[in-house]
Each structure stands twice: as structure tokens, then as C-alpha cells.
Amino acid sequence: MKSKQLSVFSPATIANLSCGFDVLGLALDGIGDTMHLELTTEPGVVISSIQGADLPLDPDRNVAGIAATALLEALPDYGGGVRIAIEKRIAPGSGIGSSAASSAGAVWALNRLLDEPFGLPELVAFAMKGEALASGAAHADNVAPALYGGITLVRSYDPLDIARVHCPESLHACILHPQIELKTSDARKVLRTSIPLSKGIRQWGNVGGLITGLFTEDFGLISRSLEDCIIEPIRSLLIPGFGQMREAALAAGALGFGISGSGPSVFALTRGADAAAAVSTALGKAYDGFGIPYDLHAGPINRRGIYAVEDN
Ligand code: HSE
């Protein structure tokens with residue numbers, strides 16, 4: 001009989017990766033939330049505590065609660081419930097998958113406590129229900145890399161079809177999080193719903209180029225493909241200092257620079273840890289004059305996704 005309690009670490013993620021709006025994402029090593037789950041004999045989901053963020057405990061208004069409820073509803077014979085305590089280390093509204101870490105962490109841990117009745121594709125679908133509450137759209141480009149680890153592609157939403165993408169060993173990511181809140185739901189409202197064919201051609205050329213560059217470890221191709229001609233021109237207007245940070249990151253050797261998810265965090269990808277440290281320093285220096293407090297992160301890519309704390 002497996003333990004009825006489990007603590008898991010659920011990583012932060014970068015969605016979109018510039019050209020792949022709503023379809024590409026990667027998991028970050030070293031930043032994430034810790035969640036403690038316990039099976040209960042009473043049916044239903046209870047969120048017992050949330051440390052580190054002011055979020056609702058009501059399971060119908062909490063992304064972890066919604067995702068866990070979706071999983072339990074798919075197991076009508078189980079009859080019990082779950083209690084969830086969350087230690088948030090990822091600031092809500094930061095653009096590095098705060099809600100996804102909670103949704104994905106809840107379903108991954110619950111699935112393991114219940115002896116793994118579901119596979120990862122099904123867990124993505126449950127976690128997406130939480131994302132729908134957080135952003136008004138059930139996108140999977142944060143929850144998929146959180147659950148699978150590494151880099152993922154949502155090839156299709158209907159039917160849901162997730163593919164793992166090769167992640168070169170030396171790939172590193174830098175994040176600068178300006179401490180302003182930008183809600184994903186608001187950052188989606190500013191987007192146009194149709195695009196000119198010429199932009200579509202450029203964008204899907206970049207998506208193909210990025211995937212090919214990752215699989216062949218062609219860093220020149222990765223660098224040329226980290227471009228977003230559709231979403232970034234609009235959303236970057238919501239991020240003070242975006243242009244200056246881009247210039248600084250690229251001058252310091254970044255392969256590419258863009259908005260992390262819906263922002264306000266920005267990201268850069270680099271080849272190697274030294275380049276990541278140099279780009280991170282350059283990003284900080286570029287942002288110092290803006291009068292907005294910020295956090296910096298630089299590190300490798302998380303390749304295993306969510307994990308049980310005792311497995312670490
Ligand atoms: N793909 C989503 C968006 C990610 O850009 O709106 C949100 O984190």
C-alpha cells in the first residue's frame with residue numbers, strides 16, 4: 001500500500017518560446033512550487049493552506065482545486081478525496097507558469113497517490129481545466145512542460161496531442177521578472193484574432209526552424225528561429241524596458257530573447273552556463289534604470305518535470 005501523503009516540486013515554465021504561441025514551452029530547473037497532498041476518506045478537494053501568495057482556498061476558484069476535481073470526477077469509483085497545501089514560490093501573474101505549476105503539480109501528485117490510473121496526456125487535460133480558470137483559455141503550453149519536463153510541443157488541441165522536443169544538454173534559460181503584475185487574461189485580450197498570411201508564413205517557418213534546430217543541436221538555427229512577428233509586437237508594449245533588455249541580452253550572447261508566456265517576465269536562451277550568467281548580468285544592468293524591482297534567474301532546463309520531494 002502506497003503512502004497516503006506526498007510532497008512534490010512543480011517547476012516554473014516558459015510558454016510560447018517566442019514563435020510558438022500556445023504550442024511550445026519548456027520547464028525551468030530550480031524555480032517552482034512545493035505542494036503537499038494527502039488522500040482523505042471524505043470525498044472532494046480541500047485546499048488547506050496556501051503560503052507565499054494571496055489566492056483563494058475555495059477549490060472551485062483555485063486552479064489546483066479545479067484540476068484535482070477534474071481528475072477525481074474521472075474516477076467515480078474512488079469515493080475519497082484529497083487535501084492540498086501549497087507553498088507558492090512562483091509569483092502569480094509573473095509569466096512563468098504560476099497557475100500551471102499548481103494545476104499540474106496537483107494532478108501529478110494525486111495520480112501518483114492513487115497508483116497512477118492516468119498517463120501524462122490525461123494529466124495535461126485535467127491540468128488545462130485549471131489553466132482555463134486562470135487565463136480564460138485552456139492552453140497547455142505551460143502544463144505540458146511542467147508534467148513532461150524539457151521542451152514540449154502541443155501539436156494539436158483537438159484532439160490533444162503533445163510531443164516531446166529534444167533539448168540540447170547545454171541549453172540554459174535566463175528570466176528577468178519585473179515586479180509588475182500582468183494577468184494572462186488581460187494579455188490575451190489585447191491580441192488580434194486574425195493575422196495576415198505573410199506573418200503566418202514567417203511564424204510557422206520559425207516554429208519549424210526552432211524544432212529542427214533543437215533536434216539537430218544547430219544553435220545558429222535555434223537563434224534565427226527565436227522570433228515572434230505576431231504576438232510580441234503587441235504585448236511588448238505592456239513591458240517597460242523590453243527593447244533595452246532585448247538589446248542587452250543579444251549583445252551579451254543570448255541565442256534569443258522574448259516574452260515569457262504572457263509576461264511581464266522576459267526570457268533569454270543561451271548555450272551554456274557561462275553565457276547564461278553573462279546574459280543575466282546584462283539584463284539586470286539594462287533594467288536597473290527603470291525603477292521597477294525585479295528578480296533574476298539563470299539556470300539549466302528541468303528535464304524530469306514534476307517530482308516527488310523524497311525522490312530528489
Ligand atoms: N500561451 C499563453 C499566452 C501562455 O501567451 O497567453 C500564458 O502563460
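Which residues are around the ligand? In this predicted model, the residues in question are A15, N16, F21, D22, H139, D141, N142, T184, R188, R235, G261 and S262. By residue class, this shell is made up of two nonpolar, six polar and four charged residues. The ligand itself is found in the largest pocket.

A helpful way into the site is through its polar side chains. On the nitrogen side, a polar side-chain atom of D141 is placed 2.7 Å from a nitrogen atom of the ligand. Two arginines address oxygen atoms: an N or O atom in the side chain of R188 lies 2.7 Å from an oxygen atom of the ligand, and a polar side-chain atom of R235 is likewise 2.7 Å from a ligand oxygen atom. As for cover, the ligand taken alone exposes 260 Å², and the protein buries 97% of that area.

The site can also be placed within the overall architecture of the chain. The domain assignment gives domain 1, formed by 5-165 + 303-311, and domain 2, spanning 171-300. Between the centres of domain 1 and domain 2, taken over C-alpha atoms, the separation is 24 Å. Their contact involves 27 residues from domain 1 and 36 residues from domain 2. Both domains also take part in the ligand shell, with at least three residues drawn from each of domain 1 and domain 2. The picture, then, is of a ligand in the largest pocket, with residues of both domains in its shell and 97% of its exposed area buried by the protein.

Definitions and conventions. Residues numbered from 1 in each chain as written. Predicted model: local features only at pLDDT ≥ 70, side-chain atom pairs only at ≥ 80, totals over all residues. Heavy atoms only, no water. Near = heavy atom within 4 Å. Polar contact = N/O pair within 3.5 Å; in protein donor to acceptor, adjacent residues only side chain to side chain. Areas by Shrake-Rupley, 256 points an atom, 1.4 Å probe, with all protein chains shown as cover. 1 Å grid on protein atoms, 1.4 Å probe; cavity = no way out; pocket = protein on both sides within 12 Å on 5 of 7 lines; lining within 4 Å. Sits in = over half its atoms within 2 Å of the grid points. Nonpolar A, V, L, I, M, F, W, Y, C, P; charged D, E, K, R; others polar. Domains from an automatic or database assignment. Contact = heavy atoms within 4.5 Å.
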